[in-house]
Amino acid sequence: MSTVLAYLEDTYKFTDTAHIEYVTNDDRGYYCVLDRTVFYPQGGGQPSDIGTIEAKGVQLPITFVSFVDGDVRHYGDFSSISLKKGEEVTLYIDEARRMQNTKAHTAGHLMYTIVESLDKNLIAVKGYHFPDGSYVEFQGSPSFENTETFIAEVNTKISEALNEVSSVEASLITPEELAVRWSNISNNLPPGKPLRVVTIANLHPTPCGGTHLKSLNELKNVVVTKAKRQKGNLKVSYKFE
């Protein structure tokens, strides 16, 4: 079975109902698998959601969520209650954490698509969209000579984008469509996870399964703070609010 990823339908959906598939444990601890979830599982450079699952009137804290072979594992202490397949539960995610992670991810996408548009030699290969220490790594040899001048140019473009009424759109895509439209597809895409494309304003669309804002107007500011070579890649750090 594969968990229906309800968060792909609506980033701003913070609660939902679902049904228990099973409860078990692994090296990390006890977890439950549901038929659907609004909890985002850690991946793609974005941390997982946390929150609670209410079952039989009991609030069960969820401390970590992971995507494994098509199923979403919700980790928490399930020792205080017996849950059977088919039982209905209510999901509540931490709204503040979800939105902070969402802002970090959208800010990262905005930054790296602008970098790629300004320097065709650079291709984003890794993102760390955690609120603390956010960055994107780029593969390729930069065409610019002065790093500070390039950072200033990127920040100018970011500021222009934030001052416009710019939408953020996400749509599902088939593996065949993805292969046609992108030549640098990651070889570690999680199996069983729906593929989705995110487009910010008039910048080029990119594959992404993370949560995103509806509009750039929800970001107050995004600023590139530094860019440096690291293990052959260019690491570009950014802050946002």
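Me: How is accessible area to be read, and how much does the protein chain expose here?

Reply: Accessible areas come from the Shrake-Rupley method with a 1.4 Å probe. In this predicted model, the protein chain exposes about 12,000 Å², of which carbon and sulfur atoms supply 47%.

Me: What share of the residues counts as buried?

Reply: A residue is buried when its relative accessible area is under 20%. By that criterion, 46% of the 241 residues of the protein chain are buried.

Me: Which radius of gyration does the protein chain have, and how does it relate to that of a compact globule?

Reply: For 241 residues, a compact globule would have a radius of gyration near 18 Å; the value for the protein chain is 19 Å, which agrees. Along the principal axes, the C-alpha trace spans about 60 × 35 × 30 Å.

Me: What do the contacts say about separation along the sequence?

Reply: Among contacts in the protein chain with a separation of 6 or more, 66% join residues 24 or more positions apart.

Me: How many helices and strands are there, and how is the open sheet of 3 strands ordered?

Reply: The protein chain holds 3 helices and 16 strands. The open sheet has the order 12-13-14, with antiparallel pairing. Strand 12 (168-173) and strand 14 (206-207) each have a single partner strand, so one side of each lacks a neighbour in the sheet. Strand 13 (residues 195-200) pairs with strand 14 over 2 bridges, and V197 has P207 of strand 14 as its bridge partner.

Me: How far apart are the mean positions of the positive and negative charges?

Reply: For the 24 positive and 30 negative charges of the protein chain, the mean positions are 4 Å apart.

Key:
Residues are numbered from 1 along each chain as its sequence is written. This is a predicted model: local features need pLDDT of at least 70, side-chain atom pairs count only at pLDDT 80 or more; totals for chains, interfaces and linings use all residues. Side-chain values use heavy atoms; hydrogens and water are left out. Helices (H or I, at least four residues) and strands (E, at least two) are DSSP runs, numbered from the N terminus. The radius of gyration is taken over C-alpha atoms; the globule rule is 2.2 Å times the number of residues to the power 0.38. Buried means under 20% relative accessible area, exposed over 50%, partly exposed in between (1.4 Å probe, protein chains only). Contact means heavy atoms within 4.5 Å. Lys and Arg count as positive and Asp and Glu as negative; His and the chain ends are not counted. The place of a charge is taken as NZ of Lys, CZ of Arg, CG of Asp or CD of Glu. Two strands pair if DSSP finds at least two bridges between them.
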